[in-house]
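I opened this model to look through its enclosed spaces, its helix packing and a few backbone details. The entries below follow the order in which I looked things up.

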Amino acid sequence: MLRTLRYLGGACGLAGGDFPAACGLSRGRPWLLRGVCRCGRSASTSSFDVVIVGGGIVGLASARALIQRHSALSLGLLEKEKDLALHQTGHNSGVIHSGIYYKPASLKAKLCVQGAALIYEYCSKKGISYKQCGKLIVAVEQEEIPRLQALYERGLQNGVQGLRLIQQEDIKKKEPYCRGKEIRCQYVVTCAGLYSDRISEMSGCNPEPRIVPFRGDYLLLKPEKCYLVKGNIYPVPDSRFPFLGVHFTPRMDGSIWLGPNAVLAFKREGYKPFDVSARDVMDIIINSGLVKLVVENFSYGVNEMYKACFLGATVKYLQKFIPEITVSDILRGPAGVRAQALDRDGNLVEDFVFDGGVGDIGSRILHVRNAPSPAATSSLAISGMIADEVQQRFEL
């Protein structure tokens, strides 16, 4: 039997609950895949050994592979559109990917590397034009550099050919108008706040203590009630925690802020209650002492979460200081995220932490590791201390 592929364009219904029944051939050109394509208005055959649904590149390639391997099979290809490759196949970038992005040992990684080689071979054999111009993956931000390194290592695991890391001067040779991220210096001082632990680890220094983000929500007194507060009113702080508790703060514009509370944020830049980063959540659970902290202070944490969700609970607390305040007197306000250092034993690090590392890179870096409140108040004094430390460490 001849190797045949029938292209049945324009599906028009369901036949007995099975695949859509074909209602005619495309008005476009016949499609030939290393076999004979029988085309015409009336079908000469109503049954096939195999029918492939979908006339995109995967469906067509699958039909081709089956025809090559099983010469006795009759194949039909069902496509609901009037022509082939009208959707994803006909609306992509046209890039033949190398396989660098995908998880090692995954089907994506394996089949992309293998498929790229087969595509180039097929195009060369069929006289189809293509360009092997290569691909630059360019880091334009400092935090992208470790991800680029991880991508490089992933590509090596996946067997990507011709892969290498290059510097700015090599980028210019390949793409004169493209600029990667490169800053040259002898020494580095990092004041990275919420990312201080990651920056330290990135440089080869100690990742401990880890940063755990705590969101602090503020409430606002309505303008007509601001007369109730004249100055700063603070509670007696709980000595177990470095937080000062919800307090009354007059602002320069005359508004009164009430807060902040202290609730665990599920994202390092999680300024809204439903901001979530899976990476940040896993990081604080696995790499920090958060579990120990939660176990030891469970009731406190639940109470803070409860007050954050229900205004009435917070107002009840505020009424201990100013009984005249009611729920109708307050509005929800802005929020901040505290970069709180936490050690592996579940202890909140109270003091400022400065450290560096060893070796050719680590010895040239000074990290500011834990500088939450009152860092703003202390900033000018901190800067003087940092300048002294830089002078001593780097022998300036």
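**Cavity, pocket and backbone**

I began with the largest cavity of this predicted model, and I found that 13 residues line it, with Asp217, Leu219, Asn261, Lys307 and Thr314 lying nearest its centre. Its volume comes to about 120 Å³, and my search for cavities of 30 Å³ or more returned a count of one. I then asked which elements give two or more residues to the lining of the largest cavity, and noted E7, E9, H8 and H9. By residue class, I recorded six nonpolar, three polar and four charged residues in the lining of this cavity.

Since H8 and H9 both appear in that lining, I looked next at how the two helices pack. Helix H8 covers residues 298–309 and helix H9 covers residues 311–318, and I noted an angle of about 105 degrees between them, with their axes 5 Å apart. Angles of 65 to 115 degrees count as roughly perpendicular, so I entered H8 as roughly perpendicular to H9. On the H8 side the contact is made by Tyr306, Lys307 and Cys309, while H9 brings Leu311, Ala313, Thr314 and Tyr317. I classed the residues of this contact as five nonpolar, one polar and one charged. Lys307 and Thr314, which take part in the contact, are also among the residues nearest the centre of the largest cavity.

I moved on to the second largest pocket, which holds about 890 Å³ of space. Its lining has 37 residues, and those I found nearest its centre are Phe243, Leu244, Gly245, His247 and Pro260. At least two residues of this lining come from each of strand E7 (210–221), strand E8 (247–250), strand E9 (256–259), H8, strand E11 (330–342) and helix H11 (375–394). The division I wrote down for the pocket lining is 20 nonpolar, 10 polar and seven charged.

Pro260 led me to the backbone, where I found a cis peptide bond joining Gly259 and Pro260, with omega at about 0 degrees. Pro260 sits in the loop between E9 and strand E10 (263–264). A cis bond also joins Glu208 to Pro209, again with omega of about 0 degrees, and I placed Pro209 in the loop between H5 and E7. I also flagged Ala85, whose phi is positive, near 55 degrees, although the residue is not a glycine; I located Ala85 in the loop between strand E5 (74–79) and helix H2 (107–126). I flagged these places because most residues other than glycine have a negative phi, and most peptide bonds are trans.

My last search was for salt bridges, and over the whole structure I counted 15. What distance separates the closest N and O atoms of Arg198 and Asp280? I read 2.6 Å for this pair, which forms a salt bridge. Arg198 belongs to helix H5 (residues 196–202) and Asp280 to helix H6 (residues 278–287), so the pair ties together parts that are 82 residues apart in sequence.

Note on methods. Residues numbered from 1 in each chain as written. Predicted model: local features only at pLDDT ≥ 70, side-chain atom pairs only at ≥ 80, totals over all residues. Heavy atoms only, no water. Axes fitted to C-alpha atoms, helices over the stretch in contact; angles between N-to-C directions. Helix = DSSP H or I, 4+ residues; strand = E, 2+ residues; numbered from the N terminus. Parallel < 35°, antiparallel > 145°, perpendicular 65-115°, else oblique. Contact = heavy atoms within 4.5 Å. Nonpolar A, V, L, I, M, F, W, Y, C, P; charged D, E, K, R; others polar. 1 Å grid on protein atoms, 1.4 Å probe; cavity = no way out; pocket = protein on both sides within 12 Å on 5 of 7 lines; lining within 4 Å. Points joined across faces, edges and corners; volume = space filled by probe spheres on them. Salt bridge = Lys/Arg side-chain N within 4 Å of Asp/Glu carboxyl O.
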